[in-house]
Amino acid sequence: MYLRSRSTTTVSIAVLAALAALATACGDGTSGPVAPAPAGSAAATAQPAAPKPFALTAPADAALDDETVLAALIASAATGAPLPSALDRLPPRVSPVRVAVRAMHDHLVGATGAAPDWDKLIAAIERLAQGDRTKVDGGALASLVKAWKAWTPEERAAEGAFAEYYARRIDLMRTSAPVDPKAVAAEPKLPMPPAMSPAFAVATEVRAGLVAVTAPGEDIPPALRAALEVATKSFTELGWPGGAGPVLDVVVAKLENGRKPTMRSLVLGDKAFEAYRQSGDSLRAALITYERSATAERQGDTARALQLARVAVEQIDATATRGRELSDALFRRAQLAIALGKPDDAATSLDRALAEISYAKLDPVQRAPIGELAGTALWFLGRFDDSARAADDGAAAFDEAFAEGNAAPSPEQLLRRATLDEVAARALVDAGRLDDGAARFIAAADRHAKLPGGDRPATTARLFAADALARAGKKADARAIVDSVLARGELSATVVAHAASVLRTAGVPGEAARLLSDIEKAATPALHEALVEEWARTVAAQGDTDRARSLFASAARSATKAAGTQPAGFAAARVFIDWAKLERDAGDPEEASRIADQAIFHLTDGPYVVELDRARKLWADLQRRRGYFIDAERVAADRVKAGPPGAQAQRDDAALDLFLIRWELASAQPNRSREALPDVAGRIPDAATRDVAVAVAKGETPSVGTLAAGSRARRLAETVALAAAAPGDVLASVRGLLRDEPEMARVALRRLAERPEGARAGLDWTAWLDLWCGAEATSTKELTLALEGGDRFLGVAPMGRKTVIVHARAGELQGFVVDGDVGVTRFWEAVHNEPSAARLRSDGDVFTNTNETLRALLGADPEERLIICIGPPYGGFPMDMTGLGPQLSRRQLIDVRDIGFAASPAEIVAAARRPKPSALSFSRSPEAPLRDRNAIVTVVPVDDTTRGRFATLVEEARRRGVETSAAVREAKKRMREEYEPDPRHPGVPAWAAFVLRGLR
């Protein structure tokens, strides 16, 4: 009996399940076809399996395989009836010669299911050889049948003896144990094989295979080369070169055995590929490429594995094969594409694979693992509803396969059934169906509890259910589950930490901290390090921002240290994401933006495409909040182009983000075209949101109509309607938009500033400027009380067509709106993009249109201290360079007054309430929150030597009793005297780069 038909096996799947995702491994790490057991093997002889009866439950091109055709052939031999008409055209997976050789050898060795009469069997095989049934093997079967018909009984016996003996030798290469060269060196004397003997050809290939697996080294020794030549010649003489392929497949698997391919295994794999190709067996050749993809994946070369999987799909497509081989290859391609962060490739492959499964009508046992893989892959892609449906389909298939009256499932199959519940539960939770997800986690826990060793996964599933309930607001139910878990005692530290995380989600971080403290008492250094991340979240929930910041930094170092300079994956990214949210909520969007960017880096080229998109949105939202709309526009456009993974709501949200950003840019920049806005608005998927955006793009006031309260579309419509609202109402509305909808807030303020002068009567200018800068609104009284002595506050908000100026000193505040100043933008670009001292000097007064107003406001008192605030995204300027007013002329004089910088009026008020620091501090950037009363910032980069020189000069002045503000002014004067411009490297002078931020 020759090798059994190559058939598909289980599909490997890794379902992540730490605190952020499920974790279950099923399957053996391989996916797709494997070489079948040979006739005459110990297993086959002891319990020979009868061919399955001929029956098609799916289209013939997907259902027909060697086993099915063999069953039809045996039935035809037993009855003498014609072959079924479904066999008139065989699909590429069927080899008529392989089926005939299998039937003939089954008969000769007496395997169950063989035809009882030689002549009837040969007649049936002859019927199979008639016509143009397939392109595989050409017309080789007809010439073989002609020779087989002439065999004598003795020759048939010799053929059977060869088939039996060499099938057992193939078994030696199927085991994991090494093959003993001495055990295979001598062969018994076998009778002379008949003419056109398939068994003899197989024998020559087996002999070559035994040399391959026993010869030392990894090359092709002369003995192996000679044996392969003999085998190739034997199959060529049969007219069936593809017959060598199955034996070579077994040999390659033995040589590699999960290890890295060797030169020998690669050469033999190439020979198998060529053998199949010469027989026209293109599908088998493609499956060699598929197996090489699996090998590359096992070796950790995911990129090469994906490349080979793509090639395998292309090769299978070229054969026009439908069904399981194509679906397996597409699933592998999807798995690998997900692992490499290529969601588009994965989604396309998954959709095709699921279509092939439906077309092929695979039986329940085959559908269950596919449902698990599809559910997990779709979860990675953010298609949560589809993920739940795929897992449910797999679960239904399992339940169908093991319904009452059928065979009982094995423990491994019961584990898969529980895992399917977990996959569906995770998808339901992430789809926002928290109650349904919790119920499925409980179902999974109940299934795990019935399995040997299932207590731990059952407990984990229950805690996931509790977390879902806590997120759904059912905190009492979540607490009840946690209490029941903790009451069991003898729990691992990991389980207790998981319980602590649920308590934190349920809003009792104090109890979570108690649990963490309990397990930390006996923690190993490794566990102590692992708990830092959960401690950071717990401490943050308790409101201790400074300690949480330190813990997140420590957790980040631990999560990234093994990766070096490479992305460390989701385990590291989730630390940075939560850390970024902490900084955002603490009022430091600049630091939050930097940390969110780190999260994006660590998710790059990974499978967590949903988390990557969320991290990108977090970063873009932070840039929007900071006023860096050009950066945010780039990321928002990329997200819309790629199509954010997840539900339709994510795609609607991304499209609206892009529209709002471009709306802000068009509103702020007079020379920016507004023509593209209707097109962007028209691409928003949700109809109601699209209608609002289209109206806004056309300059119309959209109707609120039936828009849902609190929806982004309604907030946009209400913002546009503020054009006619009272100034106080505008400020009140803007305050609610600051964090999440900065574009709406800024457009509303900009339109307020552009109203006729009379419409602005009674406007609280400090509140207006605070809101423009994204801070809590400060009153005029608070700001003027915070200013000391002769301090003056100058707020400048460049708004494109207009510029708002707020001037304050003790007990007095004035506001002005003047025509916009393009000089501000020009100056900013010169400082940060094309630093050139000559260009800066030549620009003269930056505030071209506001200069006269400023001259009148500032007067000529050289002792007054000027605190300057410029709205985002400009941040701190080296004000010594601006030419602002008569005291800061083109001669760049800095000895007339000290220049301070504030982010907003609110920062001045907050700084005034802090004690005067004993030492001058340095802030990392002009946009960082001012945590001290004052600090030095550098508005352009300076080297360490320059920074050190400046600090030394300041401290020298302070030791002489000079107060901080005057000490800074003196240090800058000294540095200006020492400054020597370098014509080769023009830029902002070092003395001008330092700005004092805050109060005296």
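By contact I mean heavy atoms within 4.5 Å. The model I am reading is predicted.

**Entry: Trp-579 and the cores**

I looked up the contacts of Trp-579, leaving out residues up to four places away in sequence, and found Arg-549, Phe-552, Ala-553, Ala-556 and Ile-595. Trp-579 belongs to the largest nonpolar core, which has 106 residues. Along with Phe-331 and Leu-603, Trp-579 ranks among the residues with the most contacts inside that core. I then checked which helix gives the most to this core: α21, residues 455-471, with nine residues. Apart from this core lies another, of 66 residues, including Met-104, Leu-141, Val-179 and Val-247.

**Entry: cavities**

I searched the whole structure for cavities of 30 Å³ or more and got eight. The largest has a volume of about 70 Å³. Its lining includes Arg-624, Arg-625, Leu-738, Trp-772, Cys-773 and Pro-872. Helices α29 (609-626), α36 (742-753) and α37 (765-773) each give two or more residues to that lining. By class I noted seven nonpolar, two polar and three charged residues in the lining.

**Entry: cysteines**

Cys-773 in that lining sent me to the disulfides. How many disulfides does a search of the whole structure find? The search finds zero. I looked at Cys-773 and Cys-869 to see why this pair does not count. The closest cysteine sulfur to that of Cys-773 is in Cys-869, at 3.8 Å, which is too far for a bond, because a disulfide needs the sulfur atoms within 2.5 Å. I also noted that Cys-773 counts as buried, because its relative accessibility is 16% and the cut-off is under 20%. Cys-869, at 0%, counts as buried too.

How values were computed. Residues are numbered from 1 along each chain as its sequence is written. This is a predicted model: local features need pLDDT of at least 70, side-chain atom pairs count only at pLDDT 80 or more; totals for chains, interfaces and linings use all residues. Side-chain values use heavy atoms; hydrogens and water are left out. On a 1 Å grid over the protein atoms alone, a cavity is a set of points where a 1.4 Å probe fits but cannot get out, and a pocket is an open set with protein on both sides within 12 Å along at least five of seven lines; lining residues have an atom within 4 Å of a point. Grid points are joined across faces, edges and corners, and a volume is the space filled by probe spheres set on the points. Helices (H or I, at least four residues) and strands (E, at least two) are DSSP runs, numbered from the N terminus. Ala, Val, Leu, Ile, Met, Phe, Trp, Tyr, Cys and Pro count as nonpolar, Asp, Glu, Lys and Arg as charged, and the others, Gly among them, as polar. A nonpolar core is a set of buried Ala, Val, Leu, Ile, Met, Phe, Trp, Tyr and Cys residues joined through side-chain atoms within 4.5 Å. Buried means under 20% relative accessible area, exposed over 50%, partly exposed in between (1.4 Å probe, protein chains only).
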